[in-house]
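Please walk me through this structure, beginning with its covalent cross-links and then moving to its interior.

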Amino acid sequence: MMKPLIAAATLAAFLVAPAIGQEMNPNGTWVDRWGTSFTFQLCGDGTQLCGTLNDIQGDSRTEENLQYVGTEVVRGNMVGPNKWEGSIALNGGNATATVEMTGPDTIKITGCQAAIFCSSIDYHRS
């Protein structure tokens, strides 16, 4: 009686595992709660992530940051499933950045300057 139960549980685990570890597609336009938006796409050999700033809103909408609208400001290398590390241009300079898909329609961008001052913002696919 235990063997069929174990076999059924094992089969169920194999059917669920691909969904949990499945890579999601970051290509598309992403917007934060203030209205800042990026377009992300896989680039390079297909494992790098490139992001173009479409619009910037909220407290980050400064003359300094407006110069980046329409340009590629994020570039990262894949470091794991649905996660890229690289750089982001902001406030007249560059910061280290981590971009992570936290769900099929959510991305979190974390930027750090001097490895001390870090900030994360969630974006939703539009």
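How many disulfides does the structure hold? The structure holds two disulfides, a disulfide being counted where a pair of cysteine sulfur atoms lies within 2.5 Å. This is a predicted model, in which local features need pLDDT of at least 70 and side-chain atom pairs count only at pLDDT 80 or more, while totals for chains, interfaces and linings use all residues. Residues are numbered from 1 along each chain as its sequence is written, and side-chain values use heavy atoms, with hydrogens and water left out.

One disulfide is formed by C43 and C50, whose sulfur atoms are 2.0 Å apart; the torsion about their S-S bond is about 80°, so this disulfide is right-handed. Both C43 and C50 are buried, where buried means under 20% relative accessible area, exposed means over 50%, and partly exposed is in between (1.4 Å probe, protein chains only). The other link joins C112 to C118, again with 2.0 Å from S to S, and with 115° about the S-S bond it is right-handed. In this pair C112 counts as buried because its relative accessibility is 16%, whereas C118, at 45%, counts as partly exposed. When the bonded cysteines of the chain are numbered in sequence order, the pairing reads 1-2, 3-4.

The interior comes next. The largest nonpolar core, meaning a set of buried Ala, Val, Leu, Ile, Met, Phe, Trp, Tyr and Cys residues joined through side-chain atoms within 4.5 Å, has 19 residues, and of these F38, F40 and I109 touch the most other members. At least two residues of this core come from each of β2 (37-43), β3 (48-55), β4 (72-80), β5 (83-90), β6 (93-103) and β7 (106-113), the strands being DSSP runs (E, at least two residues) numbered from the N terminus. The most is given by β6, with four residues. Apart from its neighbours within four places in sequence, F38 is in contact (heavy atoms within 4.5 Å) with G28, T29, W30, T52, L53, N54, V73, V74, I88, I109 and Y123.

In the loop between β1 (28-31) and β2 lies T36. Is T36 buried or exposed? T36 is buried, because its relative accessible area is 5%. Not counting residues up to four places away in sequence, T36 touches W30, V31, L53, D55, I56, Q57 and Y123, and a polar atom of the T36 side chain lies 2.8 Å from the backbone nitrogen of Q57.

Technical notes: A polar contact is a pair of N or O atoms within 3.5 Å; within protein, one must be able to donate a hydrogen and the other to accept it, and residues adjacent in sequence count only if both atoms are side-chain atoms.
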